[in-house]
Amino acid sequence: MGAEPASVDQFGDGAHPGLVVLDEQGDGADLTVTPGHGPEVLADADTVVIPPYAISRASAAAPDPQALAALARVRPGTRLVSICTGAFLLAAAGLLDGRRATTHWALTDHFQELFPRVELDAGVLFVDHGDVLTSAGAASGVDVCLHLVRQDHGSEVANHVARCCVVPPYRDGGQAQYIERPLPPAGGTGTGPTREWALQRLELPLPLDELAAHAAMSTRTFARRFREETGLSPGRWLTQQRLRQARHLLESSDLPVERVAHEVGFATATSLRRHLAAEAGVAPSAYRRTFRASGPAAGCADGASAPGD
């Protein structure tokens with residue numbers, strides 16, 4: 001969440017266009033906006049994004065009836081996306097029942113108490129069911145939106161948008177790495193230098209004892225410190241980094257799948273296929289067909305050129 005989601009005071013009944021005050025500090029000194037349309041436009045939308053909004057224990061359990069009524073206008077098949085506390089509205093509408101979903105880690109206990117029928121996963125940045133997507137804290141909204149751009153327009157466009165926004169195209173490790181926890185004991189050596197060292201050697205096996213030796217730690221201490229600093233086990237982190245590099249090679253090169261697997265440290269093409277299917281639900285060849293760029297990326301702003309133009 002970073003800063004708390006802005007509270008929203010609406011003049012009028014809130015169901016029609018009108019002045020909206022975005023008062024984040026509660027002092028009446030923040031921005032005002034005037035929406036050009038009311039909720040009737042939702043009936044024609046292909047994608048509806050529910051942004052973060054301020055909640056209390058009462059409002060989380062029983063959202064504004066006008067918000068629920070507006071959501072009911074969405075036609076079947078429309079893609080629904082929630083950011084941070086927006087998942088509470090989707091859950092209150094029954095749209096997440098029996099499904100895996102996420103929201104900000106600080107709100108997970110409250111969410112599970114209110115919506116026990118939802119399979120809440122507090123360790124991921126977002127969850128994609130195709131028709132419904134939920135994301136974690138507000139910054140994870142950027143992650144899920146880049147994911148949608150990549151799905152709809154391809155990898156090159158999404159990567160270019162990420163560069164324009166000065167954010168990484170992918171973030172690994174889920175929100176576990178952002179959960180507040182006591183700092184590791186002072187005086188030891190962090191695992192950061194070893195992670196950097198490993199990223200330059202992904203094609204090698206890199207067993208735990210070798211990583212621990214590079215960090216001058218016992219394997220047990222290294223594994224504990226690694227999880228404290230990243231939210232992941234060393235093995236899971238290595239798999240994510242290898243998949244990230246494999247995706248890049250599939251998107252940007254014509255290397256055979258067997259060569260891609262070798263370049264990123266998977267023992268066989270079968271291993272790459274298995275891991276990519278578990279993460280993305282597709283085979284390497286299908287991923288390549290989907291995400292290979294089909295045209296030049298747009299500029300960051302009017303008059304800007306795409307890289308290489």
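This is a walk through the structure, one selection at a time.

Before you click, know that this is a predicted model, in which local features need pLDDT of at least 70, side-chain atom pairs count only at pLDDT 80 or more, and totals for chains, interfaces and linings use all residues. Residues are numbered from 1 along each chain as its sequence is written, and side-chain values use heavy atoms, with hydrogens and water left out.

**The whole chain**

Start with the cartoon view. You have 13 helices and nine strands; helices (H or I, at least four residues) and strands (E, at least two) are DSSP runs, numbered from the N terminus. Of the 309 residues, 37% are buried. Buried means under 20% relative accessible area, exposed is over 50%, and partly exposed is in between (1.4 Å probe, protein chains only). Take the contacts (heavy atoms within 4.5 Å) between residues at least 6 apart in sequence: 57% of them join residues at least 24 apart.

**Strand β4 and its partner**

Select residues 47–50, which make up strand β4, and show side chains. Val48 and Ile50 point to one face and are buried, while Thr47 and Val49 point to the other and are not. Now add residues 79–83, strand β5: it pairs with β4 in the parallel sense over four bridges. Strands count as paired if DSSP finds at least two bridges between them. Look across from isoleucine 50 and you'll find serine 82 of β5.

**Just past β5**

Move on to cysteine 84, in the loop between β5 and α3. Cysteine 84 is buried, at a relative accessible area of 1%. Check its backbone too: phi is near 55°, a positive value in a residue other than glycine. Most residues other than glycine have a negative phi. Leucine 206 is another to click, with a positive phi of about 55° although it is not a glycine. Leucine 206 sits in the loop between α7 (192–199) and α8 (208–214), and at 3% relative accessibility it counts as buried.

While you have cysteines on screen, how many disulfides does the structure hold? Zero, where a disulfide is a pair of cysteine sulfur atoms within 2.5 Å. Cysteine 145, for one, has as its nearest cysteine sulfur that of cysteine 165, 9.6 Å away. Cysteine 145 is partly exposed, at 31% relative accessibility.

**The aromatic pairs**

Next, colour the rings. There are five aromatic pairs. Rings of Phe, Tyr and Trp (its six-membered ring) pair if their centres lie within 6.5 Å; planes under 30 degrees apart count as stacked, over 60 as edge-to-face and the rest as tilted. Select phenylalanine 88 and phenylalanine 111: their centres are 5.0 Å apart and their planes stand at 80°, so this pair is edge-to-face. Phenylalanine 88 belongs to helix α3 (residues 86–92) and phenylalanine 111 to helix α4 (residues 108–114), so the pair ties together parts that are 23 residues apart in sequence. Phenylalanine 88 is buried at 0% relative accessible area, and phenylalanine 111 is buried at 1%. Add Phe115 to the selection, since ring pairs link Phe88, Phe111 and Phe115 into a cluster.

Then jump to phenylalanine 226 and tryptophan 237, an edge-to-face pair with 5.6 Å centre to centre and 75° between the planes. Phenylalanine 226 is in helix α9 (residues 219–230) and tryptophan 237 in helix α10 (residues 234–252), eleven residues apart. Both phenylalanine 226 and tryptophan 237 are buried. Now show arginine 195: its charged end sits over the ring of phenylalanine 226, 5.9 Å from the centre. That label needs NZ of Lys or CZ of Arg within 6 Å of the ring centre and within 35 degrees of the ring normal.

**Two helices toward the C terminus**

Select α11 (257–264). Which of its residues are buried? Val257, Val260, Ala261 and Val264. They cover an arc of only 100° around the axis, which puts them on the same side of α11; the arc is that of the directions from the helix axis to the C-beta atoms. An α-helix has 3.6 residues a turn, so residues three or four places apart point the same way. Show α10, α12 and α13, which are among the elements covering that buried set. Right after α11 comes glycine 265, with a positive phi near 100°.

Finish at α13 (residues 284–291), where Pro284, Tyr287, Arg288 and Phe291 are buried. Look down the axis of α13: its buried residues fall within an arc of 100°, so they line one face of the helix. Their packing partners are α5 (140–153), α6 (155–165), α10, α11 and α12 (269–280).
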